[in-house]
Amino acid sequence: MCGIVAYVGSKQCANLMLEGLKRLEYRGYDSAGIATIDQGKITVVKTVGRVANLEDKLEQVGGIRGSIGMCHTRWATHGGVTDPNAHPHTDDKSGICLIHNGIIENYVALKTYLEEKGHKFKSQTDTEVLAMLIGELYDGDLEAAVQAALREVTGAYGIVVMCEKEPDTLVAARKGSPLMVGVGDGEFVIASDGSAIIAHTSHAFTLEDYQVVKVTPKGFRTSTIHNVPVTPKVQQLEIELEQIELGSFSHFMQKEIFEQPKALRNTLRGRTDAREGKIVLGGVSNFAKQLTATRRIVLTGQGTALHAATIGEYLIEDLARIYSVAEYGSEFRYRNPIIEENTLVIAVSQSGETADTLAALIEAKERGALALGVVNVVGSSIARETDAGVYLRVGPEIGVASTKAFTGQVAVLTLLGLYLARRRHMSGDECSDLIRELEQIPDKMERILEHDAKVRKVTEKYVDRENWLFLGRGYNYPTALEGALKLKEISYIHAEGMPAAEMKHGPIALINDGMPAVFIANKGRQYEKVISNIQEVKSRGGRIIAVATEGDEHIKKMADDVFYIPDVPECLSPMLAVVPLQLMAYHAAVIRGHDVDKPRNLAKSVTVE
Ligand code: M6R
């Protein structure tokens, strides 16, 4: 995905837009570009690399002027990471300039049509095709040209367009890729999310799919791509600057790991009633009857969200006794899935914009499933597409490696599991006991975080090893997957996560002298079996790093290093067991000198399939 910021008003806007763009850099950081209109002329400056590279380039050219403009940070899809492929893109006929997040699927056909009309392209992108198409259709009315062009387009887009011939007008539109319009006093900021808007105004509205907005310093007009007027709902942005700033931390990932206790308290607040043994989920209450009648649950997501969904699968099946399965959205969507009566699909996503998850959700809905969202970003595409849902409430997650969203997702799925269990067979007393344990998770997490320095020391011992295993069973098999994903995505160390029992069916051949194997070996139903797996690795020269329950002295005899977590019911243990793994991945990346918050080739959310 890409980051978009655009401004129209009375201020010189280049620096103001770049400040916003830095806040969106997590969305993509292959290349960056900016354009303004000054005295009726568009100037574009763009470069591969980060926003900082763009600032350097701007300094070399003496800056750019203008009180209307747009800027963009790119995560490449069509065409390599080169200056010509960076946004903004311009046309060759009508003075059009455009930035885009998404993919124009029919760009080849459109490009052929435009080439036949004599247009010459400078990039390999689908975005330049859209700029040319708008230019081709322009007849003195930018808004009308954008609407007409978008009627020809298939795919996903969040775009902002300006035109030299209408030097005080921005036109923006959305289908599938988020776009917000911040409404100030005589000025407007259009951006991919509110974090780039909040420094200027706290009032904003979200564009809906197939909507177009025309903005000038005097006001705005919203319509559909068929030019039917619509009235957007201007709302208060629910972001505080403090939430999107680093404060005393070195990286957002570190900040977000340490924020988890606070974030989880927010997730749980007002949703548990330990005295009554009751879970209160306002977001799903209208569907209580249907939820009780659920016979099968499909949880879907990608990456970290899928790992949380897999814990949800174990939890819901165990607590509520409903057949549950977690599946990659990307696989579920294309394999002609069976959706029987009373099937519930739960889409799990931090951003709420992940294309694979969204597509799976839409597919399941079309086949008659009831759809719930377990989403962090309020008003995101998945949140809007679902029938009902429970927000994570963990605050903005900026680090590309997901941490607090993971524990938030697991906490929400625990609440859902208890909610369903209570409506079926679980006694009030049993539910009360689990709620009390759940409510203590944030405090127990704090105790784990106190041992950060020890985690760093242990990480230093193994950080040069290029192959790691992460092993767990039952509830902590997905935690092992998550530990491996965290390590590989930010430290670029090869790590595999798997059920501990699976190791002996092949992967055991990988174990050589000194290979780190991280075992989640907390007390639980399969503890003895995990201990046997530890012995199997140890006897082949592997080095054992164990996550164990406080008080387990026995494990010290087998493990080279142990991270202790407080004792909790097994079903709640992933929220604690993952914390040392997150810290270890973080320290490994820092020690190896990587850009923790912006790992190579990644973007915070993947809005293409
Ligand atoms: O926004 P989502 O939760 O839907 O994102 C899903 C994955 O792309 C995401 O979890 C990804 O795997 C992260 N890089 C993990 O840290």
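**Group meeting: a parallel sheet, its helices and a few odd backbones**

Let's start with one pair of residues: leucine 471 stands opposite methionine 498 in strand 23. Helix 16 packs on the sheet there, touching strand 22, strand 23 and strand 24 (516–521), where contact means heavy atoms within 4.5 Å. The direction of helix 16 makes about 175° with that of strand 23. For angles, axes are lines fitted to C-alpha atoms, for helices over the stretch in contact, and the values run from 0 to 180 degrees between N-to-C directions.

Before I go on, the small print. This is a predicted model, with local features needing pLDDT of at least 70 and side-chain atom pairs counting only at pLDDT 80 or more, while totals for chains, interfaces and linings use all residues. Residues are numbered from 1 along each chain as its sequence is written, and side-chain values use heavy atoms, with hydrogens and water left out. Helices (H or I, at least four residues) and strands (E, at least two) are DSSP runs, numbered from the N terminus.

Okay, the sheet itself. What is the strand order in this open sheet? Reading across, you get 23-22-24-25-26, five strands with parallel pairing; two strands pair if DSSP finds at least two bridges between them. Strand 23 (494–499) and strand 26 (561–565) are the edge strands, each pairing on one side only. From one strand to the next, the twist averages 15°. Strand 22 (residues 467–472) pairs with strand 23 in the parallel sense over six bridges. Helix 17 (residues 527–538) packs on the sheet too, touching strand 24 and strand 25 (543–549), and its direction makes about 170° with that of strand 24.

Now back to helix 16, and its helix partner. Two packed helices are described by the angle between their axes and the distance between the axes. Helix 16 (residues 477–491) and helix 18 (residues 574–591) pack at about 15°, with axes 9 Å apart. That makes helix 16 roughly parallel to helix 18, a label for angles under 35 degrees (over 145 is roughly antiparallel, 65 to 115 roughly perpendicular, and the rest oblique). Among the residues that meet are Leu487 and Ile490 in helix 16, and Leu581 and Tyr586 in helix 18. By class, that contact of helix 16 with helix 18 has 10 nonpolar, three polar and two charged residues. Here Ala, Val, Leu, Ile, Met, Phe, Trp, Tyr, Cys and Pro count as nonpolar, Asp, Glu, Lys and Arg as charged, and the others, Gly among them, as polar.

Next, a different bit of the chain: strand 12. How many of the six residues in strand 12 (residues 211–216) are buried? Five are, and the strand is mostly covered; buried means under 20% relative accessible area, exposed over 50%, and partly exposed in between (1.4 Å probe, protein chains only). Strand 8 (residues 166–175) runs antiparallel to strand 12, joined by five bridges, and valine 171 has lysine 214 as its bridge partner. Strand 13 (residues 219–224) is also antiparallel to strand 12, with six bridges, and a hairpin of two residues links strand 12 to strand 13.

Last, the backbone oddities. Most residues other than glycine have a negative phi, and most peptide bonds are trans. Histidine 87 and proline 88, though, are joined by a cis peptide bond, omega about 0°. Proline 88 sits in the loop between strand 4 (68–74) and strand 5 (89–90). Asparagine 336 has a positive phi of about 50° and is exposed at 56% relative accessible area. Asparagine 601, in the segment after helix 18, has phi near 65°.
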